[in-house]
Amino acid sequence: IPKNVLNGKWRKVFTTGWDLWPCQWTEFWAPQTSEEEQSPDSWMTEWPHNPNVWRMDLYWKNANDAYFTFHMDNEMYVGDTWNFNNPKSAPATLRTRAIMWSTEAHENWYLLDWTEEWNTMMIYYCAYTSAVNRFDSITMVLQRDDSPPLTKEQAEYYEQLAKDTLGDYHGTLQRIRSCET
């Protein structure tokens, strides 16, 4: 995905995981973003100074008119993989260091699809959180926020692609309710 396309706000359209809250979006910040535009969190060691590390902020609201918003920050290390002691594990597209609820999670992300004309990407990630000794995985479809919503046919394409690529267990997508409804 070109740097100028990835940078910015994306809405989550589909997920396979536990994160079914409505109104979810992600903001990607390019390496070397000025600290006046977005300052790093205190725990961030690489972003924005490392030219190969992105920042990703996730936001979830539990209702459209809710005042409560869940927020999680990540440093994304492009072309790097965490070693989860799984010899069958494929090299990841990137790895992240995520902080939420004062715990750190390590995630390997796999970019499975990038459709430029729809401004969409499908990602599978697996994560390990040592504080709770737990593995987790989610498949999700993100679309640039300034793009028209997916048509029924485009949504069906991703639902089928996820099942074809990951099987029923990891590939059965659930629609995320948009922020407008």
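Buried residues, meaning those under 20% relative accessible area (over 50% is exposed and anything in between is partly exposed, with a 1.4 Å probe and protein chains only), make up 49% of the 181 residues in the protein. This is a predicted model, in which local features need pLDDT of at least 70 and side-chain atom pairs count only at pLDDT 80 or more, while totals for chains, interfaces and linings use all residues. Residues are numbered from 1 along each chain as its sequence is written, and side-chain values use heavy atoms, with hydrogens and water left out.

The secondary structure comes to 2 helices and 9 strands. Helices (H or I, at least four residues) and strands (E, at least two) are DSSP runs, numbered from the N terminus. From the N terminus on, the elements follow the order α-β-β-β-β-β-β-β-β-α-β. The radius of gyration of the protein is 16 Å, close to the 16 Å of the globule rule for 181 residues, so the protein is as compact as a globular protein of that length. That radius is taken over C-alpha atoms, and the rule is 2.2 Å times the number of residues to the power 0.38. Along the principal axes, the C-alpha atoms fill a box of roughly 40 × 40 × 30 Å.

Contact means heavy atoms within 4.5 Å. Among contacts between residues at least 6 apart in sequence, 52% join residues at least 24 apart. The accessible surface comes to about 9,700 Å², and 49% of it belongs to carbon and sulfur atoms; the areas come from the Shrake-Rupley method with a 1.4 Å probe, and for residues only the protein chains shown count as cover. The protein has 15 positive and 26 negative charges, whose mean positions are 4 Å apart. Lys and Arg count as positive and Asp and Glu as negative, while His and the chain ends are not counted. The place of a charge is NZ of Lys, CZ of Arg, CG of Asp or CD of Glu.

Strand 3 is a useful place to begin a closer look. It covers residues 53-61, and 9 of its 9 residues are buried. In a regular strand the side chains alternate between the two faces of the sheet. Here V53, R55, D57, Y59 and K61 point one way, W54, M56, L58 and W60 point the other way, and all are buried. Strand 2 (residues 24-29) runs antiparallel to strand 3 and is joined to it by 6 bridges; two strands pair if DSSP finds at least two bridges between them. One of the partnerships is that of F28 with M56 in strand 3.

The loop between strand 2 and strand 3 holds P48 and also Q32. Most residues other than glycine have a negative phi, and most peptide bonds are trans. The peptide bond from W47 to P48 is cis, with omega near 10°. Q32 has a positive phi, near 65°, and is not a glycine. Q32 is exposed, at a relative accessible area of 53%.

D73 belongs to strand 4 (residues 69-78). With a relative accessible area of 7%, D73 is buried. Apart from neighbours within four places in sequence, its contacts include R55, M56 and D57, which are residues of strand 3. D73 also touches D41, W43, M44, R97, A98 and I99. The C-alpha atoms of D73 and G171 are 25 Å apart, with their positions 98 residues apart along the chain.

Strand 5 (residues 94-100) is mostly covered, with 6 of its 7 residues buried. Strand 5 pairs with strand 6 in the antiparallel sense over 7 bridges, and L94 stands opposite W109 in strand 6. The hairpin of these two strands has 2 residues between them, and W101 there takes a positive phi near 50°.

The loop between strand 6 (103-115) and strand 7 (120-129) contains N119, which has a positive phi of about 55° although it is not a glycine. T129 is found in strand 7 and is buried at a relative accessible area of 13%. Residues up to four places away aside, T129 touches T103, E104, A105 and R134.

M140 lies in strand 8 (residues 134-144) and counts as buried, at 3% relative accessibility. Not counting residues up to four places away in sequence, M140 touches K12, F14, T15, W109, M121, M122, I123 and Y125. The C-alpha atoms of M140 and P48, 92 residues apart along the chain, are separated by 25 Å.
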